[in-house]
Amino acid sequence: MRAFVFHNQNQSLVALWSPTQTGTLTLPAGPIQAYDWMGNPILPQGGKLTVPLNGEPVYLIAPIPPSSLAHLVQSGTESGISAVTMTFQNLTSSPGSLPNLSLTVTNQLNVSESGTVNLTLPSGWEAAPLSTTTAATYSPVAATYTPSEAFGPLAPGGSTTMEFSLDRFESSTGNQYTLTADASVTLGSSQSSADSQTSGSSPPNLPASPLLPPSSGPTLGSGGPGSASSSSATVAASTIISAYEAVYGQPQLTGTFQDWTNAVPLQVNQANQDSGILNWTPSLESATAFTMWNGQYLYYAAQVTSSSPFYEPYTGGNIWEGDSIQVFLDPKDTKTTSYNAADGDTELGFAQTPDGNQTYEWNPTAEPLANVKVTIVPGPSAGDMWYEAAISVADLPDFNPQAGQNFGLDFLVNYNPGSGRVGWIWLTPGVGNAFDPAEFPTFTLVNSANLPAMRLDSGNATGSVSFTPNAEGALLTVSNDGLQTIALTLSNGASFTLQATSSAAAVVTPSGANPTVPILADGTTTINLTHYVSGTNGIALTASSTTDSGSSAVLAVNNGVTP
């Protein structure tokens, strides 16, 4: 809940709203008059005044000092507003590099809060809080880890961001990973969080009313994704995150999608990925997209599934009004909050139009793009449409592709059921009604898709991951920071000793039984495991090392595709 207090010589006014949740605030009727954002009065009932809390402001007016009106608001009864909101951030890099997991906790009530957050991780993931040495709890039945972290005290409206070290990652076929956070919150005393200002305009004149006696203190209701009492609350939140990787390759754009098997899928099938489509369901409109790259092109593809007949009567710069796709690029991953041509920001779209397949660029130019190769064909069911595009690097002057490079990308699928564009589905917010690169996911250009990864350090001297090699085999990337010896074993009986040296090659292909493999003591070495895993459906890899304080290594298994 947010509130600003204004005052003139005779009266005080509070502008009140909730930026993230929906609920109500109940106050004693008394001297307060309430109006919605259109100026319509909100009338008390049964001696109580209940006003809605949402993104639209409500105005409370009373002929009392601003501090008294602020106190009345702070001592009201909130309902439907959970004690905290918990927001997971997108991964900042490829999961195979084991980036930190970030969770922001925000106090939503008018009292101070402290508590503990417990994370439930996807199967095959391990993590630990960075700010403490608390070990994660492992559940052998569910095969999950539950790291925890304390927070607070948080003032009303205050936030804190928790960082968790991702120490083990295993991929899923659909590239969707559910993270769950459960918070146990202890509620403290009321604190003033309203800003007092002098308004240049006067609120409407109201008859004089006596000042109500102060309330005995805050009363907290229950609602939202948790429950609250006068002293404690429990809140649960979950989200689905994905790995954002563009895999090296050269798809031929045949319309069959046979060349995209090594790419990482991006699913658009969740309720929070719908914008404006009434009664949306995944069967009504959803998409699976892919990205790839090489030195000449950035590739994009999407398989759109729709239960409505395909409808695109528009051409050129108006294709966004019909069934089509728009792609938004932030080549430098600058994360600015608006379009910036100087950063190479680009917006383009693809559509099967009455004049054939078309590509149009709205930013930085406003014209068709001749260098873009595009294939658009109907999918297997009526209403489905499959898109493939090769965007020339020449049309992206600020995009210089090389492995490890990050860039921002977002996209949306426009939906027109035949009566006009009514909305869209998107990968993430920041597009459609805006161009906000700060909301775009960060993609990483990779040579091959990450399967699993693990970290070895003083807290994780031994680790294991499981993976299934593809037709090209498997690569093991060791990003070493000081480990001298690492022992590796595979579940099929193969074993290796990785020995650090300053003269190791960047790419090593071992041979023979139980080889000693040189790796860089401070750097990245790629080991080709194809000879040892070829023809194997499933492999478990176990690694162990004696680690000194400050030394560590990240071991990531990739599919066997190399540039």
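In what follows, Ala, Val, Leu, Ile, Met, Phe, Trp, Tyr, Cys and Pro count as nonpolar, Asp, Glu, Lys and Arg as charged, and the others, Gly among them, as polar. The model is predicted, so that local features need pLDDT of at least 70 and side-chain atom pairs count only at pLDDT 80 or more, while totals for chains, interfaces and linings use all residues. Residues are numbered from 1 along each chain as its sequence is written, and side-chain values use heavy atoms, with hydrogens and water left out.

The largest pocket (an open set of points on a 1 Å grid over the protein atoms alone, with protein on both sides within 12 Å along at least five of seven lines) has a volume, the space filled by probe spheres set on points joined across faces, edges and corners, of about 1000 Å³. Among the 39 residues that line this pocket (those with an atom within 4 Å of a point), Thr87, Phe88, Asn90, Thr239 and Asn272 are the closest to its centre. The strands (DSSP runs of E, at least two residues, numbered from the N terminus) β9, β21 and β23 each supply at least two lining residues, and β21 gives the largest share, seven. By class, this lining has 18 nonpolar, 19 polar and two charged residues.

There are also two cavities of 30 Å³ or more, a cavity being a set of points where a 1.4 Å probe fits but cannot get out. The largest cavity has a volume of about 80 Å³, and its lining divides into five nonpolar, five polar and two charged residues, including Glu285, Asp323 and Tyr387.

Note on methods. Helix = DSSP H or I, 4+ residues; strand = E, 2+ residues; numbered from the N terminus.
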